Amino acid sequence: MRTYDTTPADAPYGVLLATDRDGVLTAWTRRAESLLGRHAKDAVGRRIQGILAGSALPPWYGPGELQQPAEWTGLLEFARPQGALPLRVHACRIAVTGRDGPWTVVSLAPEATERVDEVDAALLRWLYESSPIALSVYTVDLRCLRQTAAMARLTGLSDDERRRTRPSEVLLGPGGTAWEQRLREAAENGTEVPRGDVRGRLAGSPDRARVLIGAAGPLADEVGRTIGVCSTFTDVTEHRRARERLTLLNEGSTRIGTTLDVPATARELVDVLCPRLADWAHVDLLENVVQGEEPGPFTGSIALQRTAHKSFRAGTPEALRAPGDVDVLPAGSPPVQCMATGRSKVLTTSDQEIKDWMVRDPQRAAMFRLHRYHSVMVVPILARGTILGVVVLLRSRMAPFAEDDRLLTEELVSRAAVCLDNARRFARERDVALTLQRSLLPGQPKKQTAVETTSRYLPAGSGAGVGGDWFDVIPLSGARVALVLGDVVGHGINAAATMGRLRTAVRTLADVDLPPDELLTHLDDVLTRLHAEAAETAETSGNTGNTGNTGNTDGTDGGGGELGATCAYAVYDPVALTCTIASAGHPPPVVVAPDGRAWVPDISVGPPLGVGGLPFESVELSLPEGSLLALYSDGLLDVRHRDVSQAQAQLYRSLSDVRAPLDELCAAAIHELLPHKPADDATLLLARTRALGPGRVAELQVPLRDAFVADARAWTAERLAQWGLDDRGFVSELVVSELVTNAIRYGGDPAHLRLILDRTLICEVSDSNTTAPHMRRARLSDEGGRGLLLVAQLTQRWGTRHSRNGKTIWCEQRIDAAG
């Protein structure tokens, strides 16, 4: 008889007892003692019905012994001191050597075990047949034993096709090889493979790249020995692609259109498209679009300018055109058809449209074959109902373009199209504004005796647009010269137009020969009136129902917005070697002495023009001959990106070589301060002072008595003879006679006469009376009133300038003929 007492007490199943053919208990294990509460000595030898809760024999006994089953499983209730206990019974007949008839060996387990077994079986069926979990079971040598139905759907292989296959035979490519190696390590080391991305192509659909999340772990027996490996896959390809599309759209919205520059925007578009969406991408625009013009209708072949392209290959070997080159496409080509219909096309090289195109373009066909391009997408660049160009994408290493690729590309291109159109419109407006501004700015300044000048104007290189910087060099009476530099707030056509109006106003006020502070006061009034007119115009437009947008693409106000400007106005006198400067909110100029010492003069900077009601002050500086005066706009210092003191120090260094040619100094200053395109308009005006020495200036005090007129005429003739201008003596003596007579009769003491030999012969008579003379037409009976008329007829030009101490009447004669 076998010994059953060695059955572990905590075993869920076990041999607990045995009976002979008559139902007498012949064996009773310790497990039975623990479970049923009876010692073996109280149980062995008794019939089995004595330990059952009922008196009936168990089902494996009964008449017709041979008809009883060799095995039986079911439920019986056993008697215990604590009460009846239902147990699951498994009875099995065995032959026992030396005994008469078979014994029945009985194992017992709690009643619930039957349900657990049923649930386990049901769970396994659900797992393999209905579960969404894609699971494979491998042997330790990584041969497939079983797979779930979900895995079969994922791989496209049936159970028979999967059986005995290795992981790398199902998941193709480097990703499959790496995955198999990780499973082998799990089988050898008994370690888990944590969840992670697995990329490759499944054998059932080798043309489609997949992104899977894989996890695996070893299968061990009761003693911990690894007997296999279980792995799971979750297909996240579509989820990842959707996330990548959203990421790409978000990236496109932030990377495309960062500047108002057409080529830069096209480059930003191809940078987003390639290499993440295509292996090659290029943007071709209509030629007039690149030039900022309105795109017109097109028929037949179309000339497109390559604006930007990009390849995933280094050096863009596919490029048949360089950026800036023009490519003429035939009427039947997919890009032209795409532009004509305004609809995208997704094609393969086997489609007839591509074949026909390649026949007409052998060079392009050779490029397709060389680089094995198989899929083509053509998307029109359409903005505000207008076709601007086309985007072409090619694929060689990726799967052919699908519908979701087309939708994503169209979204990116549509966003870029608006940016390209904005850039085109901005370029056109910028060109108009720049043309307007340059037409309003002075050309090459005429040579002045008082100063040598040069200038540089750099329009903004950013999207801000052309600003309102202006400068001017204005000749004044008495060989003096006015240097002007101003900056209108804002950018665009409005700023350029306002700049032109202010420059004209400055010219007009300079002709009146006002002192700098008074000139700025009048200029402030001009700008205030301009603002009032603009506000009135905007209000009138609103009252008449004009609700259109009057703004500009650069963000400046198109009508009633605030107007403002800054201006520095300096007058240099080469005779007195003085410079009188006034500023309306503008940076003071830099002065460089002949010894190279640079400084910023202490000037009272008044409020910007347009504020109104506040006074301006002038400061007079003594400037030795050879001094350098530098007027500039704030864009030159670029104080938004650096410290103003550091910028001024750089300007000082660039101007330190005061004897160098002005063009070189100007170029050095621009290079030092603005190595790249400026963010704002930058203007620099340099003037090197000169002097009119005593040999070219003659002065005479004029006593207020009529007899002195003859002395003045004689003194004039003597000076002209010294200067070799005897042939100008008659006219000059006559002019001096009339001006001195006016001063004696209508002027105030003191008075004096001054002759200046410049490019013209200048005659000035000054007195302390501030009343301005007026030229009038004298009647035949009048004894006087013809003096100024006579002066105007005999001289090239004449005028009056006022000072705080009186007035000066001056006139100029040409002396070129005198040689």
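Here are legends for four close-up views of this predicted model.

**View 1. Helix 20 and the elements that cover one side of it.** Helix 20 takes in residues 708-722, 15 residues altogether. From the first C-alpha to the last it reaches 21 Å, close to the 21 Å expected at 1.5 Å a residue. Look for Phe 708, Val 709, Ala 712, Trp 715, Thr 716 and Leu 720: these are the buried residues of helix 20. They sit on the same side of the helix, because the arc they cover around the axis is only 135 degrees. That fits the usual pattern: an α-helix has 3.6 residues a turn, so residues three or four places apart point the same way. The cover over the buried residues of helix 20 includes helix 21 (729-746) along with strand 29 (697-702), strand 30 (751-757) and strand 31 (760-767). After helix 20 comes Gly 724, with a positive phi near 75 degrees.

**View 2. Strand 16 with its partners, strand 15 and strand 17.** Strand 16 (residues 375-383) is mostly covered, with 8 of its 9 residues buried. It runs antiparallel to strand 15 (residues 345-348), and 4 bridges join the two. One pair to pick out here is Leu 347 and its bridge partner in strand 16, Val 376. Strand 17 (residues 386-395) is also antiparallel to strand 16, joined to it by 9 bridges. On that side, Leu 382 stands opposite Ile 387 of strand 17. Strands 16 and 17 make a hairpin with 2 residues between them, and Arg 384 in the turn has a positive phi of about 55 degrees.

**View 3. Thr 760 and its contacts.** Thr 760 belongs to strand 31, one of the elements covering the buried residues of helix 20. Is Thr 760 buried or exposed? It counts as buried, because its relative accessibility is 13% and the cut-off is under 20%. Leaving aside neighbours within four places in sequence, Thr 760 is in contact with Gln 796, Glu 812, Gln 813 and Ile 815.

**View 4. The largest cavity and its lining.** Rolling a probe the size of a water molecule over the atoms shows where empty space is left. In this model the count comes to 5 cavities of 30 Å³ or more, and the largest has a volume of about 70 Å³. It is lined by 13 residues, of which Trp 280, His 282, Arg 306, Arg 364 and Met 367 are the closest to its centre. Strand 12 (280-286), helix 13 (362-371) and strand 17 each supply at least two residues of this lining. Which element gives the most to it? That's helix 13, with 3 residues.

Definitions and conventions:
Residues are numbered from 1 along each chain as its sequence is written. This is a predicted model: local features need pLDDT of at least 70, side-chain atom pairs count only at pLDDT 80 or more; totals for chains, interfaces and linings use all residues. Side-chain values use heavy atoms; hydrogens and water are left out. The expected span of a helix is 1.5 Å times one less than its number of residues. Buried means under 20% relative accessible area, exposed over 50%, partly exposed in between (1.4 Å probe, protein chains only). The arc is that of the directions from the helix axis to the C-beta atoms. Contact means heavy atoms within 4.5 Å. Two strands pair if DSSP finds at least two bridges between them. On a 1 Å grid over the protein atoms alone, a cavity is a set of points where a 1.4 Å probe fits but cannot get out, and a pocket is an open set with protein on both sides within 12 Å along at least five of seven lines; lining residues have an atom within 4 Å of a point. Grid points are joined across faces, edges and corners, and a volume is the space filled by probe spheres set on the points.
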